[in-house]
Amino acid sequence: QWGEEFARGLGRAVGSVAEGRGDAADRALDLPLGAPGEPAALPADWLRALRPVAMGPLLDTLSITTVGLHTPQHMRRRAEALNLSGFKVADDPEGRPGQSLALAEDSVLGTVVLAGEAARASGLLVANAVRPFAHTGFAGAVFQLGCGLMDRDTKLRLHRGVRPSVDTPLCAGCGSCLGACIFDAIKIRGGRAAIDHELCVGCGSCMTACHLAGISPRREGGVAAFQRGVAEAAEAAAGHFGGIGSGKLIFVNFLLPIGRGDQGGFTRARFRPANMGALVGTDPVALDQAAWDLLVADAPQGLRQWSGFPTDPENLLDAAAARGLGEREYHLEKIAG
Ligand code: SF4
Ligand code: SF4
């Protein structure tokens, strides 16, 4: 449960990981802000309580990134609605890129651009609510580093191959996916959902919203290419901050009680995991592996029972580990009850 005790514990955890890893000047806390009803949206009281945890000796900037390719204006309205004055929007509202990053020679992405506020910080505390995500099983620390922190154009290019299609025998025409698509790319025709691929950007929100698994990624191999792209971009982002283990990057994975109906329109997750709290560390691969293990601890059918998606994070974590972003082996130390 969230409360002052949890906030103090989180502060201690971040402090112990950050100890001896440079000063706080220009180090920012980056939080993805989902729209109301999205699983990525941390509850408002968590966000407010994070402010005193984050600001001070450890960090000096609070910034937010967009989620699901939402426009920065949309996220700014969300921040205003939550009364989070002092937060900066990492994705520049005018669409100005932050900083182009150097990619490894074997990369296929071409270019990636770090979002504005993220590029300006000398170090980042990358916080993230672990949530089901169609293209990677779940979105955790690796995903936030390789996609969440990028500017909108990079996110659009990453998602190009995963624009979905409707599986008409499964679709019941209920319309839940229409509300999830802020790009107005879905209409109901003949009692079934139909996607306009001129408008669709491949964000995956409709797949999360459909509890009948009626929408899935369209192109063969698109998911594998997406995961490879995220790993490439994560490697480039880590390099911008001196690499994993430089002390400039610290990750927090929040494990929230996401479940059917808990977050308004979000319906995909099948059950509530019992292990709640936050994982803190400098290795995003280990952190995601630990989150995965905790999530499936009470799920006899594995992660897919939690997410409802056929994709699991294994390929992404292996690709990230192969690019030097961390290890899937980890040691878990409990420092707050
Ligand atoms: S949410 Fe699923 S079942 Fe409902 S209209 Fe959309 S694709 Fe069809
Ligand atoms: S149709 Fe689905 S994947 Fe495409 S933009 Fe809308 S919500 Fe995102």
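Two strands pair if DSSP finds at least two bridges between them. Keep that in mind for the first stop. One caution before we go: this is a predicted model.

Start with strand 14, residues 277-281. Its partner is strand 13, residues 249-255. The two run antiparallel, joined by five bridges. Take one contact from that ladder. Phenylalanine 254 bridges to alanine 278 in strand 14. How many of the five residues of strand 14 are buried? Four, so the cut-off matters here: buried means under 20% relative accessible area. Strand 14 is mostly covered.

Now the ligands. Ligand 1 first. Its surroundings include the run Cys171, Ala172, Gly173, Cys174, Gly175, Ser176 and Cys177. Further along the chain come Ile188, Ala193, Cys210, Leu212 and Ile215. By class, that shell holds nine nonpolar and three polar residues. Charged residues there: none.

Ligand 2 next. It has 13 residues around it. The closest are Cys181, Cys200, Cys203, Gly204 and Cys206. Ten residues of this shell are nonpolar and three are polar. Again, no charged residue appears in the shell of ligand 2.

Last topic, the cysteines. You have heard several named. How many disulfides does a search of the whole structure find? Zero. Now two single cysteines. Cysteine 210, one of the residues around ligand 1, has a relative accessible area of 11%. That is under 20%, so cysteine 210 counts as buried. Cysteine 147 has a relative accessible area of 3%, so cysteine 147 is buried by that cut-off too.

That is the tour. Over to you.

How values were computed:
Residues are numbered from 1 along each chain as its sequence is written. Chains are lettered from A and ligands numbered from 1 in the order in which they are written. This is a predicted model: local features need pLDDT of at least 70, side-chain atom pairs count only at pLDDT 80 or more; totals for chains, interfaces and linings use all residues. Side-chain values use heavy atoms; hydrogens and water are left out. A residue is near a molecule or strand if one of its heavy atoms lies within 4 Å of it. Ala, Val, Leu, Ile, Met, Phe, Trp, Tyr, Cys and Pro count as nonpolar, Asp, Glu, Lys and Arg as charged, and the others, Gly among them, as polar. Buried means under 20% relative accessible area, exposed over 50%, partly exposed in between (1.4 Å probe, protein chains only). A disulfide is a pair of cysteine sulfur atoms within 2.5 Å.
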